[in-house]
2 protein chains.
Amino acid sequence: MDKAQGNNLDPWYSHYAERTAGLSASEVRALFAVASRPEVVSLAGGMPFVSALPQELVLTAVERTVRDHGAVALQYGSGQGSPRLREQILEVMALEGIHAGVDDVVVTTGSQHALELVSKLFLDPGDVVIAEGPSYVTALVVFRSFQADVAHVEMDELGLVPQSLRDTIARLREQGRTIKFLYTIPSFQNPMGVTLSWERRMEVLEIARENDILVVEDNPYGLLYFDQAPPQAMRSVDEDGVIYLGTFSKTLAPGLRVGWAVAPHAIREKLILANEAAVLSPSSFAQTVISEYLSTADWKGQINTFRDVYRERRDAMLGALNEQLPTLSWTVPNGGFYIWLTLPNNMDSKAMLPRAVKELVAYTPGTAFFADGNGRNAMRLSFCYPSPDFIREGIRRLAIVINGEMSLLTEFSQTAPLAVQPTRREGVLPPSVG
Amino acid sequence: MDKAQGNNLDPWYSHYAERTAGLSASEVRALFAVASRPEVVSLAGGMPFVSALPQELVLTAVERTVRDHGAVALQYGSGQGSPRLREQILEVMALEGIHAGVDDVVVTTGSQHALELVSKLFLDPGDVVIAEGPSYVTALVVFRSFQADVAHVEMDELGLVPQSLRDTIARLREQGRTIKFLYTIPSFQNPMGVTLSWERRMEVLEIARENDILVVEDNPYGLLYFDQAPPQAMRSVDEDGVIYLGTFSKTLAPGLRVGWAVAPHAIREKLILANEAAVLSPSSFAQTVISEYLSTADWKGQINTFRDVYRERRDAMLGALNEQLPTLSWTVPNGGFYIWLTLPNNMDSKAMLPRAVKELVAYTPGTAFFADGNGRNAMRLSFCYPSPDFIREGIRRLAIVINGEMSLLTEFSQTAPLAVQPTRREGVLPPSVG
């Protein structure tokens, strides 16, 4: 090890672990900076609308935390999380059909940290994680940060396609690859917004069992349904093969950073050790605030309030898409935060983003959600944060950019052939707006 | 990968990453359970005495957080931490001679998480971390969890011995080992309580520079001095070769889980990415509470209060040791939480622990602080949490156990030789108390 192996920008370059090479800024990351400018309508981020949470409810919880539980809330706690909160988490999970014991739960620093810890426990360099294609950006970042590869399975409007899962497993096994787990967001998936049907949940579990593959079920949005509840969690019928991840980030507030994992016994014991190594214990203060909130506020009523807020925003977005971009196709989510918009096949949403930002609207390019470069002609639109009026304005601006782009491409393809022609066309191109 | 490779207790046994084999429960961990029984005087843990923090100060901070900053405090934040808190952290660090910019700071979930992230960034399997011998238990756990080995350097009453550091580096280099960093707690070291002198700080930095070794300076206790301030932080004179770790856990409260790292530019950028992968962002709520506390409370006065509390407790422990165990030797800390007690060479503090717990006193056996089995005849005594009266009672109980043990060993060695004789004796054995 010698500094000569470093470079001008980083004298410690040669000292990093191999895994650090895989740690790069996500495409979504740069967008947060852009989206924070007030004149931009951001349909890019995944920030919950925390202003729908009445201040008084939070105030009561924090005051009781300090007054009645100060000595405990300010102190180090258990690496597994507080027994009281874990008991309350059982009530939350019961709403999605999960029956577990208080010892089965491990509280983490948001469910993101549960995902990091599970990855640390399971992933060796060169291992494979199977994930939906597209999948949650920062899950892909975590898997890559432990030098694992991601193999995507196909999605349709009923969630991941079981036959594609079978095919992917067979292909990977043939290649001699080691599959460590299937990462899935069955309800109101990020970024597609689609929900895995009950029949498919059963089929996916069966495939996982047959192939000795662990299932990591990430469920941040399950309680935020609009019309009818999603099918029960996969963990509700399989406690030996599923690691379930939950969070208070969407039903309460992400600023507290409290999530949890439910895992088979031996895995859970290792999760606790990994949690202790990483943070000693999750925040006692945040846990106590949430315990007080859950015991004093009508938290189920508050979830209904969030559902009403997000339903109205989804409807605003769907209405605007129908009106502004009628020739394109998109998913129709029954819950959660996201719509997945598909552009004509020859369009590149990432290349188009600077023009969108110039038009004062932001989205997340589809490629961010794939480990393999797919998703070029798609984008994720979030309806969670902006008001319905801003959503409509955002889609109006987006339509100007998309229609402008389509008209340019049409004109260009009529006058001079593109070096690389699109392989197929989807839908009908709208008339030029320029 | 086949379930047949698993075992009865854990069907997923064969699926874990290799690093998970190194993740085991620390010796200190089991003690937390023991120490929590109210009848036991625990001199084992490292819990700060948070009751010395006036409730009103915390209440004001949390109320202002919810009332004036609710929408921000409840939301996701920056992966680097809030600019306001980072600005305030600069003021805290200035007290120890550190001059840095607001961009140099990365807020983490306690400084423990900074240590985890630094380890994730730098440690490949088989790498070596050099650490004081003894060193902080959960640092050793983290290094091992990334499959690194720990090489200890010798300590004396002025901190780590520079010549031992030189020798250790030379030996490791000869063996072809890759040294990634030196982990050190220069002020009021955990577990020894000793402080690295200014001359040695300069010498250690010089050795590190010569050998192209990064220094990780962990400084949780620096502001908690009793008589005079420790030498300035090593980071105060070397911004290119030092990653500095700080925390609010000891000067405010560990339950908030807020610490920070200051690192050279390129490393810091990677730390932010690793932080985002692990937790998306550190808790906005906890950060805002601390910002409000720092801007409304007399936080320097509060640190003085903590210093007074801990000084009185240290004095109580030193007095009781002088009175009850005059033939033994121990360190005399000028700050922090810990005293390191050395027993006669033929004694085993870990083997003695069950007898101590039976006598209703707990401590941490010395072996917990070594990666190589050393420390058998030593123990860490914490004076941070129990009141002076409890400390005196704890030492009285401990003296009964130690004196009983010594008398047994003396008697036994006079009547029948031990299978394994101690190689040397330190100090004079006291008369039997039984």
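In this predicted model, helix α2(B) is kinked by about 65 degrees, with the bend centred on Arg67(B). The kink goes along with a shortened end-to-end span: α2 of chain B runs over residues 55-73, 19 residues in total, yet its end C-alpha atoms sit only 20 Å apart, where a straight helix at 1.5 Å a residue would reach 27 Å.

Much of what this helix does in the model can be read from its buried side. Val58(B), Leu59(B), Ala61(B), Val62(B), Glu63(B), Thr65(B), Val66(B), Gly70(B) and Ala73(B) are the buried residues of α2(B). As a general point, an α-helix has 3.6 residues a turn, so positions three or four places apart point the same way. The partners of the buried set come from both chains: α2 (55-73) and α9 (284-296) of chain A, plus α9 (284-296) of chain B.

That brings in the symmetry of the pair. Chain B lands on chain A after a rotation of 180 degrees, with 0.0 Å of shift along the axis and an RMSD of 0.0 Å; this is the relation of a two-fold axis. Val62(B), one of the buried residues of α2(B), has the C-alpha that comes closest to that axis among the residues of chain B, at 3.4 Å. The copies meet through the same surface, because 100% of the interface residues of chain B are also interface residues in chain A.

A residue just ahead of the helix in the other copy is worth a look too. Leu53(A) lies in the loop between β1 (41-42) and α2 of chain A, and is buried, with a relative accessible area of 5%. Neighbours within four places in sequence aside, its contacts are Val58(A), Leu252(A), Ala253(A), Tyr293(A), Gln302(A), Phe306(A) and, from the other chain, Leu74(B). Asp218(A), by contrast, is 165 residues along the chain from Leu53(A), and their C-alpha atoms are 24 Å apart.

On the annotation side, the unreviewed UniProt entry lists residues 68-397 of chain A as "domain: Aminotransferase class I/classII large". Over that range the chain is 42% helix and 17% strand, and 51 Å separates the end C-alpha atoms.

As for confidence, the predictor gives the complex an ipTM of 0.92 and a pTM of 0.93. Chain A has a mean pLDDT of 92, with 91% of its residues at 70 or more. Two stretches of chain A fall below 50: residues 1-5, which have eleven contacts beyond near neighbours in sequence, and residues 417-434, which have 22 counted likewise.

Definitions and conventions: Residues are numbered from 1 along each chain as its sequence is written. Chains are lettered from A and ligands numbered from 1 in the order in which they are written. This is a predicted model: local features need pLDDT of at least 70, side-chain atom pairs count only at pLDDT 80 or more; totals for chains, interfaces and linings use all residues. Side-chain values use heavy atoms; hydrogens and water are left out. Helices (H or I, at least four residues) and strands (E, at least two) are DSSP runs, numbered from the N terminus. The expected span of a helix is 1.5 Å times one less than its number of residues. The bend at a residue is the angle between axes fitted to the seven residues ending there and the seven starting there. Buried means under 20% relative accessible area, exposed over 50%, partly exposed in between (1.4 Å probe, protein chains only). Contact means heavy atoms within 4.5 Å. Copies are superposed by least squares on the C-alpha atoms of residues with pLDDT of at least 70 in both. pLDDT is the predictor's confidence in each residue, from 0 to 100. UniProt positions are given in the numbering used here, feature names are shortened, and annotations may be inferred rather than shown by experiment.
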